[in-house]
Amino acid sequence: MTDKEIHITYHEYGSVEELNPEDRELAAEALKAMSGAYAPYSHFHVGAAVRMSNGQIVRGANQENAAFPSGLCAERTAMFAASARYPDKDMLGIALAGGVMGRLSSRPATPCGACRQVMAQYQAKSGKPMSVIMISADKIWKFDKVDDILPLIFDSI
Ligand code: THU
């Protein structure tokens, strides 16, 4: 038996102003997207923004439904809209922000497992790293590629 380790490096910023201009723009779009949330059950409003290889940014927000599994997270809303609109373009990055009743939490909102798997597939489709930015009131986390938030990605079929 051998013990193995997985190392993950990510970047923490004190505010969106510290991000590079492209990431700052993407973060601002994710924050704006929060207003599109429809969350009558959780009251947790999440916004997401995807940067495409043609420079376009596509926004999404979480949508809930009385039949709970029929709802969808902000990240998948944004990615599916982006893929439907620009099927031949690559997703270079995604940013997300969330908080109760639209008030940013103090710890960055982190994507659920299902959204990470969807990110992984679009990253694999493009063959380029897709960065993931998570925003809170106090700090920003940036991961350079989906692998860093989904070690041992399922990509076997
Ligand atoms: N949600 C997202 O939209 N993205 C996440 O990363 C985590 C959770 C949504 C799903 C649901 O509408 C609400 O937040 C509470 O879980």
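A polar contact is a pair of N or O atoms within 3.5 Å. That cut-off is used below for the ligand in this predicted model.

Three contacts of this kind can be followed from the ligand outward. An oxygen atom of the ligand is 2.5 Å from an N or O atom in the side chain of E75, a distance within the 3.5 Å limit and therefore a polar contact. N62 also contributes through its side chain, with a polar atom 2.9 Å from an oxygen atom of the ligand. T110 takes part through its backbone instead: a polar atom there is 3.3 Å from a ligand oxygen. Taken alone, the ligand exposes 370 Å², and the protein buries 75% of that area.

The wider surroundings of the ligand come next. Its shell consists of S42, F44, V46, N62, E64, C73, A74, E75, T110, P111 and C112. By residue class, the shell has 6 nonpolar, 3 polar and 2 charged members. Two elements, strand β2 (44–52) and helix α2 (74–85), each supply at least two of the shell residues. The space that the ligand takes up is the largest pocket.

Enclosed empty space is a separate matter. Rolling a probe the size of a water molecule over the atoms shows where such space is left. Searching the whole structure gives 1 cavity of 30 Å³ or more. About 40 Å³ of space lies in the largest cavity. The residues lining the largest cavity are M52, S83, Y86, K89, D90, M91, Y122 and K125. This lining divides into 4 nonpolar, 1 polar and 3 charged residues.

Terms used
Residues numbered from 1 in each chain as written. Predicted model: local features only at pLDDT ≥ 70, side-chain atom pairs only at ≥ 80, totals over all residues. Heavy atoms only, no water. Near = heavy atom within 4 Å. Polar contact = N/O pair within 3.5 Å; in protein donor to acceptor, adjacent residues only side chain to side chain. Areas by Shrake-Rupley, 256 points an atom, 1.4 Å probe, with all protein chains shown as cover. 1 Å grid on protein atoms, 1.4 Å probe; cavity = no way out; pocket = protein on both sides within 12 Å on 5 of 7 lines; lining within 4 Å. Sits in = over half its atoms within 2 Å of the grid points. Helix = DSSP H or I, 4+ residues; strand = E, 2+ residues; numbered from the N terminus. Nonpolar A, V, L, I, M, F, W, Y, C, P; charged D, E, K, R; others polar. Points joined across faces, edges and corners; volume = space filled by probe spheres on them.
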